[in-house]
Amino acid sequence: MAKTRAYGSDAQLLAAFEATYGTAPDGSGGGVYTRLSFKESSLGAERPLGYDPLLGQGRDAQDPFYEAVSDEGEFGVPLDLRAIGFWLKGILGAADTTDNLDGTYTHVFTSGGDLPSLTFDVGHTGLTVPKYYRHTGAKLESLAFDMARTGPANATIGVVAQGETEQASAVDAAPLTHALKRFSQGTGTIKVGGSQLANVTGGRFAFSNNLERVETIRDDGLIDGADETEATAEGSIDVRFSTDTTISAAVSAETPVAMEYGYSIPGAEGYLLKFALPRVFLPKKKQELRGPGGVQASYDWRAAYDSVAGHLLQITLTNDVAAY
């Protein structure tokens, strides 16, 4: 039943990669856009009011003026088996895909390349008069997630778009969909040097393309683009002090280590999502004692480009989707 008030339960998110920056692909024929699951969205255009008071006009305030448009925000999305590949293409570029000839495909995304632009269509479908907010010229700036022992695996995607328009209908009435199958925290792993890290209680991963907004002067107040600059990756691992010397040896030697954050799906052999960082630096941390409980430290790591591997970050996704 249609409503006069909008609810998140009625929202939908459609997205497609653009052939030309800032130009929404034509979805009138159906099957061009992909419908994506999401937990939350803060993507939206803003045009704040500026104020510059003049003298000689009396005591009452005068008209404000409109500043330039800013269309940015974040999506909260599940780390899932299939649709996450769409987001990974946006954050790192097209994948190198291999057909494993057993019904599965391995998609390898590597940092350092050019990024595609996207169109997002955020719709409130349950209203009596539905509303759809179309964001064109969007690029993905960042991807971050936390790792814990329990709970669902979710990520936050940072987005920079050129502009937003309100539409009366969805951009694609018959979008593509991926059957949802989520990764969970209970199947997560953090490896150092190829081996499972012992006594790790939590972690965080954050990658950024550090987009530079091209803020030129134009009559519509929009940006000309968002250009990728230095790609960076950093995060943290929370470790209990123990007899394991994997971290302490790397810290003492002041040498980089290979680190990997990953997820798998029990009962689905070969399905995985892996974030591999070949060259990670760990800082020295002081050992603090706070009460009679276990002793723990948090190491804030930073990744760097590896000349042998040829990248800073490589993400591997194995699933049953042939291409993105």
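This briefing covers aromatic ring pairs, one charge placed over a ring, and backbone angles of two residues. The model is a predicted one, and it holds 15 aromatic pairs. Two residues other than glycine, Leu101 and Asn210, are described for their positive phi.

**Aromatic pairs**
- A pair of aromatic rings is described by the distance of the centres and the angle of the planes.
- The ring centres of Phe75 and Trp87 lie 5.7 Å apart with the planes at 50 degrees, so this pair counts as tilted.
- Phe75 belongs to strand β7 (residues 70–78) and Trp87 to helix α1 (residues 84–92), and the pair links these distant parts of the chain, 12 residues apart; both Phe75 and Trp87 are buried.
- Tyr261 and Trp301 also form a tilted pair, because their ring centres are 6.0 Å apart and their planes stand at 55 degrees.
- Since Tyr261 is in strand β21 (residues 257–264) and Trp301 in strand β23 (residues 296–303), the pair ties together parts 40 residues apart in sequence.
- Tyr261 is buried at a relative accessible area of 0%, and Trp301 is buried at 2%.
- Ring pairs join Tyr261 and Trp301 with Phe145, Phe183, Phe205, Tyr263 and Phe275 in a cluster.

**Charge over a ring**
- The charged end of Lys89 sits over the ring of Phe17, at 4.5 Å from the ring centre.

**Positive phi**
- Most residues other than glycine have a negative phi.
- Leu101 has a phi of about 60 degrees; Leu101 lies in the loop between β8 (96–99) and β9 (105–110) and is exposed, with a relative accessible area of 76%.
- Asn210 has a phi near 45 degrees; Asn210 is placed in the loop between β17 (200–208) and β18 (212–214) and is partly exposed at 31% relative accessibility.

Key
Residues numbered from 1 in each chain as written. Predicted model: local features only at pLDDT ≥ 70, side-chain atom pairs only at ≥ 80, totals over all residues. Heavy atoms only, no water. Helix = DSSP H or I, 4+ residues; strand = E, 2+ residues; numbered from the N terminus. Buried < 20%, exposed > 50% of the residue type's maximum accessible area, 1.4 Å probe, protein only. Phe/Tyr/Trp six-rings, centres within 6.5 Å; stacked < 30°, edge-to-face > 60°. Lys NZ or Arg CZ within 6 Å of the ring centre and 35° of its normal.
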